[in-house]
Amino acid sequence: MMTRRITQLLIGLAMYGISLAMFIRAGLGLDPWDVFHQGVSGKIGWSIGTVVVVVSFLVLLLWIPLRQMPGFGTLANAVLVGVFADIGLSLIPAFSHLEGQIAMLAGAVVLNGIASACYIGARLGPGARDGLMTGLARRTGWSVRLSRTLIEVVVLGVGWLLGGSLGVGTVVYALAIGPVVQLLLPMFTVPMQAPRSVQQEVPAAP
């Protein structure tokens, strides 16, 4: 079971990074955090993958006052998404015609949904940004929705001011990613195995 969980986690994170590259190549706008990553990348000259990794570890520092504990999946997420985003950008061409951009955007949303369902369903720890959202909600008593909205409005605004790509893709992502993940998550959620002692207490079927 653990082998499946780790494999699913790693595949999901790789796909997530590739989907980020697809969003960028579509050129129609990014999700809030990646608007921020792209804006920072443009200002300091680092690759967007490097920015994603560095920002992930900076966000993890904010977990300390929130008393959040990272899991294996949290650390893997912090490293691998950025690495595979840069790999994707080196392999995927940009599209100059609208039809190609729309197709790339649609593919990015679907792949991102599959990737999210994979790494969430592996149950090995939330990503740095998701953990910040849930930790803030737990410590303040705010709803998860309010915490997420506040965080994403701030990073979206800062990213846009830094030159990040805000557009129709940002709206499409915001509207589509929740339903896509909700649809796919049951397919990829790894069931938690009962402890061996509990299993032994369950009588065999007649």
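## Chat about an all-helix model

Analyst: In this predicted model, V51 touches H37, V40, S41, I44 and W46, leaving aside residues up to four places away in sequence.

User: OK, and where is V51 found?

Analyst: V51 is in helix α3, which covers residues 48–66.

User: Is V51 buried or exposed?

Analyst: Buried. Its relative accessible area is 2%. The cut-off for buried is under 20%, so V51 counts as buried.

User: You listed S41 as a contact of V51. Which helix holds S41?

Analyst: S41 sits in helix α2, residues 32–44.

User: What does S41 touch, not counting residues up to four places away in sequence?

Analyst: S41 touches W46, S47, I48 and V51. W46 is also on the contact list of V51.

User: Is S41 buried or exposed?

Analyst: S41 is buried, with a relative accessible area of 13%.

User: How far apart are V51 and D34?

Analyst: They are 17 residues apart in sequence. In space, the gap is 9.7 Å, C-alpha to C-alpha.

User: Let's zoom out. How many helices and strands does the protein chain have?

Analyst: It has 9 helices and 0 strands. Read along the sequence, the pattern is α-α-α-α-α-α-α-α-α.

User: How compact is the protein chain?

Analyst: As compact as a globular protein of that length. The radius of gyration is 18 Å, and the globule rule gives 17 Å for 206 residues. Those two values are close, so the chain earns that description.

User: What does the C-alpha trace span along its principal axes?

Analyst: About 65 × 40 × 25 Å.

User: What share of the residues is buried?

Analyst: Buried residues make up 43% of the 206 residues in the protein chain.

User: And the accessible surface of the protein chain, what does that come to?

Analyst: About 10900 Å². Carbon and sulfur atoms account for 70% of that surface.

User: What about contacts between residues at least 6 apart in sequence?

Analyst: Of those contacts, 80% join residues at least 24 apart.

User: Switching to charges. How many positive and negative ones are there?

Analyst: The protein chain has 12 positive and 7 negative charges. Their mean positions are 10 Å apart.

User: Back to single residues. Where is A78 found?

Analyst: A78 is in helix α4. That helix spans residues 72–91.

User: Buried or exposed?

Analyst: A78 is buried, with a relative accessible area of 1%.

User: Which residues does A78 touch, not counting those up to four places away in sequence?

Analyst: A78 touches V53, S56, F57 and L60. Helix α3 covers residues 48–66, so those four partners of A78 fall within that range.

User: How far is A78 from I114?

Analyst: Their C-alpha atoms are separated by 18 Å. Along the chain, A78 and I114 are 36 residues apart.

User: What about the start of the chain? Which helix holds M2?

Analyst: M2 is in helix α1. L10 is found there too. Helix α1 runs over residues 2–26.

User: How accessible are M2 and L10?

Analyst: M2 is partly exposed, at 43% relative accessible area. L10 is partly exposed as well, at 34%.

User: How far is M2 from I48?

Analyst: The C-alpha atoms of M2 and I48 are separated by 31 Å. Along the chain, they are 46 residues apart.

User: And L10 to D86?

Analyst: That pair is 16 Å apart in space, C-alpha to C-alpha, and 76 residues apart in sequence.

User: Now the loops. What is the phi of R67?

Analyst: Phi of R67 is positive, about 60°, although R67 is not a glycine. R67 lies in the loop between α3 and α4. R67 is exposed, with a relative accessible area of 64%.

User: And what is the phi of R123?

Analyst: Phi of R123 is near 60°, again a positive value in a residue other than glycine. R123 is in the loop between α5 (98–121) and α6 (128–140). At 40% relative accessibility, R123 is partly exposed.

User: Last topic. What is the average pLDDT of the protein chain?

Analyst: The average pLDDT is 91, and 93% of the residues score at least 70.

User: Where does pLDDT stay under 50?

Analyst: Over residues 197–206. The model has 2 contacts beyond four places in sequence for that stretch. Where pLDDT is low, the predicted coordinates should not be read in detail.

Key:
Residues numbered from 1 in each chain as written. Predicted model: local features only at pLDDT ≥ 70, side-chain atom pairs only at ≥ 80, totals over all residues. Heavy atoms only, no water. Helix = DSSP H or I, 4+ residues; strand = E, 2+ residues; numbered from the N terminus. Rg over C-alpha atoms; globule rule 2.2 N^0.38 Å. Buried < 20%, exposed > 50% of the residue type's maximum accessible area, 1.4 Å probe, protein only. Contact = heavy atoms within 4.5 Å. Areas by Shrake-Rupley, 256 points an atom, 1.4 Å probe, with all protein chains shown as cover. Lys, Arg positive; Asp, Glu negative; His and termini not counted. Charge placed at Lys NZ, Arg CZ, Asp CG, Glu CD. pLDDT = per-residue confidence, 0-100.
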